[in-house]
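Subject: A structure for you to explore

Hi,

Here is the structure I promised you. Have a look at it first, and then read my notes underneath.

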Amino acid sequence: MSHSPGDQVSAELAQGERPVPDIVIEPDGDRLARAVAEALVARLAAAQAVHGTASLVVTGGGIGIAVLERVAGLAAEPVRETVDWTAVDVWWGDERFVPGGDAERNEKQARTALLDVVGVPAARVHAMPPSDGEFDGPDEAAAWYAEQLAAAATEGESLPRFDVLLLGMGPEGHTASIFPDSPAVRDDRPVFAVRDCPKPPPTRVSLGFSAINRAEEVWMVVTGEGKAPAVAAALGGAAREELPAAGVHGRRATRWLLDAAAAAHLPRSGA
Ligand SMILES: O=C1O[C@H](COP(=O)(O)O)[C@@H](O)[C@H](O)[C@H]1O
């Protein structure tokens, strides 16, 4: 529990092996957002040092967008580990299928918080389609996004490399737009339409477990006491059908980045 978000994590794992989740707890949401932002900048810079580019999957939600705002703040500070934002590909874990200008769009929020601030080139911003674009419905939008993912796939893989995939979690354990006991929990496709979501807006597009769990690192960022029971259940081994956040992991690392309130129901280490 004494880890910091910037710690180096896990070595190469055997095929199919899941990394043990790494849990980081910060005192409050503000400090969590800043710590995650610093770790994210370091991780993207490290990816660029190896690959020339970095690939980030962003999430919506309160803390997800707060992290992006903090990253934008760091980018403005001198003498920081630098990310070349012209060489970062940005993807989405989920999106609300609403008109492009709607404030509910995860894309719009991420653009305002970070992407437009640091100048990620349009060609590297891989947004999920809005409801007023060229696609009649969320199924067509999801099928198009699946094509974009496949077209950007690295050699020998069906998906692009995702260096860090950020996720949030709802109090009932939904993550991306995979809601408990919904068809999405049993959908093997990398991306699909989601309907009748209990949390509005009801129609969305989401990555599924098969895409999320191909990311190099999955970072689940959660704040607030209302989510503490779901955090404890997810890390305690709940079934992913009942608590989707329990079913996500990275290939090399799975990190649960929590504020103290969200961590309140975890067993104390050494207890
Ligand atoms: O609807 C959504 O909710 C989750 C969690 O959001 P939060 O505000 O409770 O943190 C988010 O991760 C997801 O991207 C979003 O579409």
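Let's start with a pair of helices. Helix 1 and helix 2 are oblique to each other, because their angle falls outside the ranges that count as roughly parallel, antiparallel or perpendicular. Their axes cross at roughly 60 degrees and come within 8 Å. Please keep in mind that this is a predicted model. You can find helix 1 at residues 29–51 and helix 2 at residues 62–76. The crossing of helix 1 past helix 2 is right-handed.

Which residues of the two helices meet? From helix 1 they are G29, L32, A33, R34, V36, A37, E38, L40 and V41, and from helix 2 they are I63, A66, V67, R70, V71 and L74. Sorted by class, this contact holds 11 nonpolar residues, 3 charged ones and 1 polar one.

Next, the ligand. Helix 2 turns up again here, since it supplies 3 residues, the largest share of the shell around the ligand. There are 14 residues around the ligand, and those that come nearest are T59, G60, G61, G62 and G168. By class, the shell has 9 polar, 3 nonpolar and 2 charged residues.

Finally, try finding P198, in the loop between strand 7 (191–194) and strand 8 (204–207). Is P198 buried or exposed? P198 is exposed, because 12 other C-beta atoms lie within 10 Å, and 12 or fewer counts as exposed. The C-alpha atoms of P198 and F179 are 7.9 Å apart, with their positions 19 residues apart along the chain.

Happy exploring!

Key
Residues numbered from 1 in each chain as written. Predicted model: local features only at pLDDT ≥ 70, side-chain atom pairs only at ≥ 80, totals over all residues. Near = placed C-beta within 6 Å. Helix = DSSP H or I, 4+ residues; strand = E, 2+ residues; numbered from the N terminus. Nonpolar A, V, L, I, M, F, W, Y, C, P; charged D, E, K, R; others polar. Buried ≥ 20, exposed ≤ 12 C-beta atoms within 10 Å, placed from the backbone. Axes fitted to C-alpha atoms, helices over the stretch in contact; angles between N-to-C directions. Parallel < 35°, antiparallel > 145°, perpendicular 65-115°, else oblique. Left-handed = near helix turned anticlockwise from the far one by under 90°. Contact = placed C-beta atoms within 7 Å.
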